[in-house]
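Got the viewer open? Here's a short tour of what to select and what you'll find there.

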Amino acid sequence: MLEFMPLVLFALICIVLMAGFPVALTLAGTSLAFAGLGMGLQSLGIDANFDASFLSAFPNRLYGTMTNQTLLAVPLFVLMGVLLEKSKVAETLLDAMALLFGSLRGGLGISVTIVGMLLAASTGIVGATVVTMGLLSLPTMLKRGYSQSLATGTICATGTLGQIIPPSIALVLLGDVLSSAYQQAQLSMGIWSPKTVSVGDLFIGALIPGMILVVLYIAYVAFIAWLKPESAPPADRRELMAELGHNGSLWTLLLKGLVPPMALIVAVLGSILGGFATPTEASAVGAFGALVLALAYRKLDRATLTDVVRSTTHVTTMVFLILVGAALFSLVFRAYGGEALVKDIFNNMPGGVVGATLIVMLVIFFLGFILDFIEITFVVVPIVGPVLLAMGLDPVWLGIMIAINLQTSFLTPPFGFALFYLRGVAPESVPTTAIYRGVIPFIVLQIAMLVALTFIPELATWLPAQFK
């Protein structure tokens with residue numbers, strides 16, 4: 001039984017989290033309890049297979065986390081996203097797209113998808129995108145005769161694009177964890193000059209899969225509009241303009257709504273792709289650009305700035321506190337011989353690397369029901385990442401697969417986080433079952449994307465190789 005203590009530790013943490021306890025405190029508290037148990041058994045002369053010397057590395061882990069330049073991108077990207085949310089960029093952009101495509105069958109659904117893509121590329125925050133799109137677009141879509149399931153499914157699915165389309169915070173965190181896991185895997189293989197993988201590599205690798213998902217979403221909405229015209233009827237442009245309160249030219253509205261966020265996206269992603277800036281430096285460019293936009297839209301007063309800083313501080317402290325708990329968990333897990341246990345399990349698994357990858361993806365998918373992507377990134381990936389990468393998997397491909405997998409779990413009923421976000425802002429007339437029905441086709445599309453990546457890994461790895 002004692003040789004399986006690492007798995008017992010992991011299972012107990014999941015149980016405590018399901019009970020509703022705070023993530024960071026659960027990770028740290030449960031790990032400390034198991035560390036105390038291991039040392040107590042050792043003092044009684046019982047071989048608990050626990051090496052307490054691993055705990056001496058904890059101060060260095062904390063120092064490394066606090067001085068990690070890559071993680072500096074997290075508060076800056078959060079600041080950028082919150083500023084854009086407060087400056088009403090999303091509202092103006094959605095109005096412009098709705099007026100441009102609204103007169104087509106399924107036009108409002110296509111507009112929501114395009115705006116969701118642009119917001120994902122501007123903010124990278126799933127919850128904010130789903131809530132914003134739900135508040136702004138859902139009432140209009142329902143009023144124009146859209147079926148409840150199509151409207152809610154489209155909003156939830158496009159909101160989760162923030163998981164995969166850069167500059168995604170999930171990719172920033174995944175990139176940092178996979179970088180360490182990749183070096184650890186190579187050192188275990190006797191490679192003393194290890195290659196590196198960066199957040200920028202994941203950003204570039206996510207572009208093609210992310211764009212394919214957007215095209216699939218638009219194609220699905222257009223197909224439903226053709227198959228069932230009553231589910232996605234066209235809107236009269238004049239009525240829509242009057243309803244939205246715009247009296248000026250459509251092109252003026254497009255210029256005002258589309259150019260600023262596009263310029264910000266080009267500044268952030270263009271600086272990374274062009275090699276002019278690291279993701280951390282690009283996040284500073286994005287935060288500054290969002291600040292300029294908020295000033296230009298005259299939405300930045302003292303109260304708004306205070307709210308923005310408070311929200312950014314709240315998210316950042318949550319992330320770094322989870323990091324502290326995850327570091328302690330990782331050390332205790334390794335002290336019990338968890339790495340060797342996981343390696344043995346994977347090596348003896350039927351199907352080799354294919355079977356191991358499939359099991360990991362299934363575990364991450366189901367954990368996505370109860371854990372946020374931050375916990376999965378810092379708890380699960382450091383355990384399985386080094387083993388899978390040592391088995392020959394490409395780190396960029398693995399990172400994109402995990403990101404899309406988590407994106408799918410965000411949508412899957414009954415526990416998907418995106419469903420809860422939309423349920424919180426949707427009218428009471430929209431039943432929860434309609435939201436569940438609406439996301440099913442989009443889940444199928446995302447699973448199809450995972451299958452495509454499995455058989456065509458170049459979808460994720462080709463573009464980063466061109467920028468080497």
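Start by selecting Phe288. This is a predicted model, and in it Phe288 has a relative accessible area of 56%. Anything over 50% counts as exposed, so Phe288 falls in the exposed class. Color the helix around it too: Phe288 is found in helix H13, which covers 279–296.

Now widen the selection. Add Leu291, Val292, Leu295, Leu305 and Val309 to Phe288, and you have a nonpolar patch on the surface. Together these residues have about 520 Å² of accessible area. Which elements give two or more residues to the nonpolar patch? They are helix H13 and helix H14, the latter spanning 302–335. H13 gives the most, with four residues.

Keep H14 on screen and bring up H2, residues 23–43. The axes of the two helices come within 8 Å, and they cross at roughly 25°. Angles under 35 degrees count as roughly parallel, so H2 is roughly parallel to H14. Check the handedness as you rotate the view: H2 passes H14 in a left-handed crossing.

Next, go to Cys14. You'll find Cys14 in helix H1, which runs over residues 5–18. Is Cys14 buried or exposed? Its relative accessible area is 10%, and the cut-off for buried is under 20%, so Cys14 is buried. Then pick Leu27, 13 residues away from Cys14 along the chain, and put a distance label between the two C-alpha atoms: the separation is 9.4 Å.

For a pair with a longer stretch of chain in between, jump to Pro431. Pro431 sits in the loop between helix H20 (417–425) and helix H21 (432–455). At 33% relative accessibility, Pro431 lies between the buried limit of 20% and the exposed limit of 50%, which is why Pro431 counts as partly exposed. Now select Ser149. Pro431 and Ser149 are 282 residues apart along the chain, yet their C-alpha atoms are separated by 9.3 Å.

Last stop: Ile208, in helix H10 (residues 199–227). Ile208 is partly exposed, with a relative accessible area of 25%. Draw a line from the C-alpha atom of Ile208 to that of Thr304. How many residues apart are Ile208 and Thr304 along the chain? The count is 96, and the C-alpha atoms are separated by 36 Å.

Definitions and conventions
Residues are numbered from 1 along each chain as its sequence is written. This is a predicted model: local features need pLDDT of at least 70, side-chain atom pairs count only at pLDDT 80 or more; totals for chains, interfaces and linings use all residues. Side-chain values use heavy atoms; hydrogens and water are left out. Patches are made of residues with over 30% relative accessible area and no salt bridge: like charges are joined within 9 Å, nonpolar side chains (Val, Leu, Ile, Met, Phe, Trp, Tyr) within 5 Å. Accessible areas come from the Shrake-Rupley method with a 1.4 Å probe; for residues, only the protein chains shown count as cover. A salt bridge is a side-chain nitrogen of Lys or Arg within 4 Å of a carboxyl oxygen of Asp or Glu. Buried means under 20% relative accessible area, exposed over 50%, partly exposed in between (1.4 Å probe, protein chains only). Axes are lines fitted to C-alpha atoms, for helices over the stretch in contact, and angles run from 0 to 180 degrees between N-to-C directions. Angles under 35 degrees count as roughly parallel, over 145 as roughly antiparallel, 65 to 115 as roughly perpendicular and the rest as oblique. A crossing is left-handed if the near helix is turned anticlockwise from the far one by less than a right angle, and right-handed if clockwise.
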